[in-house]
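Reader: Hello! I am new to this structure, and I would love a close look at one part of it, the open sheet and what lies against it.

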Amino acid sequence: MLAAEQSKEDTGRVVYSGPANAAVEFLKKEFVGDLLAEQANCDRIPTLWFDRAKVKAVLNCLRENSFAGSRFEMLFDLTAIDERARVHRDGQPSSEFTVMYHLMSFSGNCDIRVKVPLFDADLVLPTVSDLWSNANWYEREVWDMFGIRFDGHPNLYRLVLPPTWEGHALRKEHPARATEMEPFSLNDVQTDAEQEALKFKPEEWGMQKKSEDSEFMFLNLGPNHPSVHGAFRIAVQLDGEILVDAVPDIGYHHRGAEKMGERQSWHTFIPYTDRIDYLGGVMNNLPYVMAVEKMAGIQVPERVKVIRVMLSEMFRICSHLLFYGTFAQDVGQLSPIFYMFVERERIFNIIESICGARMHPGWFRIGGVAQDLPAGWEKRIRELLDFMPARLDEYDSMVLNNGILKRRTQGIGSYTTEEAFDWGITGAGLRATGYEWDYRKQRPYSGYENFEFDIPIAENGDCYDRCAVRVEEMRQSLRIIKQCVDNMPAGDYKSSHPLTTPPRKEKSMKDIETLINHFLSVSWGPVIPPTEVSMAIEATKGINGYYLVSDGNTTSYRTRIRTPSFAHLQMIPAISRGFMVSDLIAIIASIDFVMADVDR
Amino acid sequence: MAWEVGSGLTISAILLVVIVTAAMLIWVERRLLGFWQDRLGPNRVGPFGLLQVVADMIKIFTKEDWIPPFADRFSFVLAPAIIMIVILMSFSVIPFAPGLGVVDSNVGVLFVLAMASLGAYSVMLGGLASDNKYALLGSLRAAAQMVSYEVFMGVSILGVVALAGSFNLREIVIAQEDGWYVIPQFIGFVIFLIAGIAESHRLPFDIPEAEQEICAGYHTEYSGMKFGMFFVGEYLGLVLISSLITVLFFGGWNGPEFLPPIVWFSAKAFFFIAFFILLRAAIPRPRYDQLMSYGWLFLLPLSLINLLVTGAVILLEN
């Protein structure tokens, strides 16, 4: 299989795969002379540079037209790079800031990137929030983090950082640590200013105080509320108990993970990834280490792939169990969560016996995993595989088949596949609308092509369906884990590639060259060749992607973490208008988000 | 002083037993929920955690008794007292055993219903006086829910009243010596049970205080002993509803001779208390409007039909 994959890598995507190629050809014809450059990256996603005067037309063209029978349905990501300190930029137009649009075609199974060069003196470009609904928050985030303005944006306020924040955090001149800044102080004048900024003014949130026939009540749901699952706030506009509008407010859980990515070495950033979707554990390591491996050109051994898949699927079950329990709890069912924690505990025990930690093992490494599996590792997993299916059936009868729960969740918060694309919804939220698309099947990574499993889908895209899809996914994950246990390949748990971190040690004490190399790799960490890469996986909550820019250094130049929860939260107002407060809670519960995954 | 209906000794004994039972239910409920939910529950303070209630009480008495500055002071203090008082008053007409009770009222059934109606003021005032939006939503829901479910509650027990030919709860028990009313009045029993949960606003009908939706609903702003009174008031309500079910549908103290009547009464009442706790562990919460339409469109017609059929049967038999 290894040989097969390699040949695909060698021959397959030098010319971009079908629809992406057609799109590139089309754009080259349509915008003759406007194409500033075509950038080559190791992930072989076509990356086209356009001037900001043309970018909206280009994006519109990509959105409206179909190429080789498929469309670019989703604005997968929109972010920026501060290029001012970057050294290796061969073949790229000069710029001080670059805005990057990452479009994804689900029907054509390919991606395309569009980049726009900008200069510090004039950081403006047209908004695309009228083309894709989800661009709204992405553009606000870029404004917040880089100070790039989007002309025509409906409410270009800070999104993640507080409104009183000074500076733009992801610019290179902004310090990464509090110790690099002046000591924090708050005098009376500043206190008053901060207090003033906290005042809730409905107009600033795009809400009216009253309509013609009624005065609205504004309910502040969060940032501490029993069912917002973390520090998350929704300003709810109510007419009686009916929701007129609900505006999410995020950023309370922001820890600057992307900034840390530019500060930590390639290796030492791995444990930070665990805390992005903190219910996904080592599954968060996977897109990051795979992205670094791609840049470094590391091929990992088969055993590593299967170990990674096995642990990722265990974490998927853990995360889904927690979702399932809290979903039931949020519609008022007290007990299921306690039962589900029994299995979750079992899985954590297995993970602990393999990784040494439970929720955040940080166990994947560049080029492998931290350690080999312990002796007798399969015993507890087999027990779990015997124990769990019957329990899942029991939960079905308790939760999914419960009449009250059905009445509370069916037909609530539903959306169509088209709307899902428009809002950047991925994962179970997309599959619940009846669209069968799973990263593990459509773009197999880490050897998923060798496993037999089904992609569960539903029809209506409502709260109930989102839950039902995840429940079925747990059964499929169990199938995958069983295949991992039955067919665990022998071999190394670490690649022999020199950039593997920490490197293999067999030869390091034999000659001085390997010793020096080993010493540098361990102390400074690996030096990754300059390139850019996007790598995504089917994470617990949807598609989780890392976009890494290497400038040929021991740290990442830009670490962009595209998380599913961020996109999903943005859709809350659109699917909850006209429902009741209780329904909003069911909708929030059914989205399955983690605030750390939203704010990063 | 003697053990007879209305004597001072009886009254104080009943008052003490009822309040202690309600307080102990905190422990009972937590232990039972723990048992059903595959976990331990409170088991640290005293044998089997029995003294947990004492610890809770010490905590609740010594907590800062805070009244929010924006609250309406008078009604804020009054609200938790109302629920305690009206429920304790209701116990006065419950016949626990022959010769054991506070009063033998000829309008016992009506008195209980009247007190239940007054109980609605407690949650409404509590929520309104708090001047908190969650509390407001909670008391709005509570007002609608309690006022609606009182209607079916009243109608559902009219069948029993018709069969017994009396509003006196003691006479209703005596009338069941030959057979419990749960059999001829099964529909009435089910409706009364549902309305009873709604009246005591416990899960699945805890809509006025739905934690996941509106924090703690009408008692969001309450702390210390005032919260404690709402809390114990809820358990008192639970004991009351269970006692009423026992009295109205399950023959009260009636039972085989080998156990004294008060034991029969307690056993039956405890069975229903445990049943209510099990319901809490098992069932999710319907939405507020679903609860309303269920009540008005399903329970009300059903209870009316039940009453009509009962009346017709009684007429035919006579």
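Author: Happy to help; here is a walk through the sheet, followed by a short look at a helix pair and the side facing the other chain.

This is a predicted model, in which local features need pLDDT of at least 70 and side-chain atom pairs count only at pLDDT 80 or more, while totals for chains, interfaces and linings use all residues. Residues are numbered from 1 along each chain as its sequence is written, and chains are lettered from A and ligands numbered from 1 in the order in which they are written.

In chain A, 5 strands form an open sheet in the order 1-2-7-6-5, with mixed pairing. Here, strands are DSSP runs of E with at least two residues, helices are runs of H or I with at least four, and both are numbered from the N terminus; two strands pair if DSSP finds at least two bridges between them. At the edges are strand 1 (35–39) and strand 5 (74–82) of chain A, each pairing on one side only. From one strand to the next, the twist averages 20°.

Look inside the sheet next. Strand 2 (residues 47–50) and strand 7 (residues 110–118) of chain A pair in the parallel sense over 3 bridges. A:Leu48 stands opposite A:Val114 in strand 7 of chain A.

Now for the helices on the sheet. Helix 3 (residues 52–64) of chain A lies across strand 2, strand 6 (97–105) and strand 7 of chain A, at about 165° to strand 7. Axes are lines fitted to C-alpha atoms, for helices over the stretch in contact, and angles run from 0 to 180 degrees between N-to-C directions. Helix 4 (residues 135–146) of chain A lies across strand 5 and strand 6 of chain A, running at about 10° to strand 5.

Further along, helix 11 (residues 378–400) and helix 16 (residues 463–486) of chain A pack at about 165°, their axes 10 Å apart. Helix 11 and helix 16 of chain A are therefore roughly antiparallel, a term for angles over 145 degrees. Residues meeting there include A:Leu385 of helix 11 and A:Leu478 of helix 16 of chain A.

Finally, 26 residues of chain A are in contact with 25 residues of chain B, contact meaning that C-beta atoms, placed from the backbone, lie within 7 Å. Helix 12 of chain A gives the largest share of chain A's side, 4 residues.

Terms used. Contact = placed C-beta atoms within 7 Å. Parallel < 35°, antiparallel > 145°, perpendicular 65-115°, else oblique.
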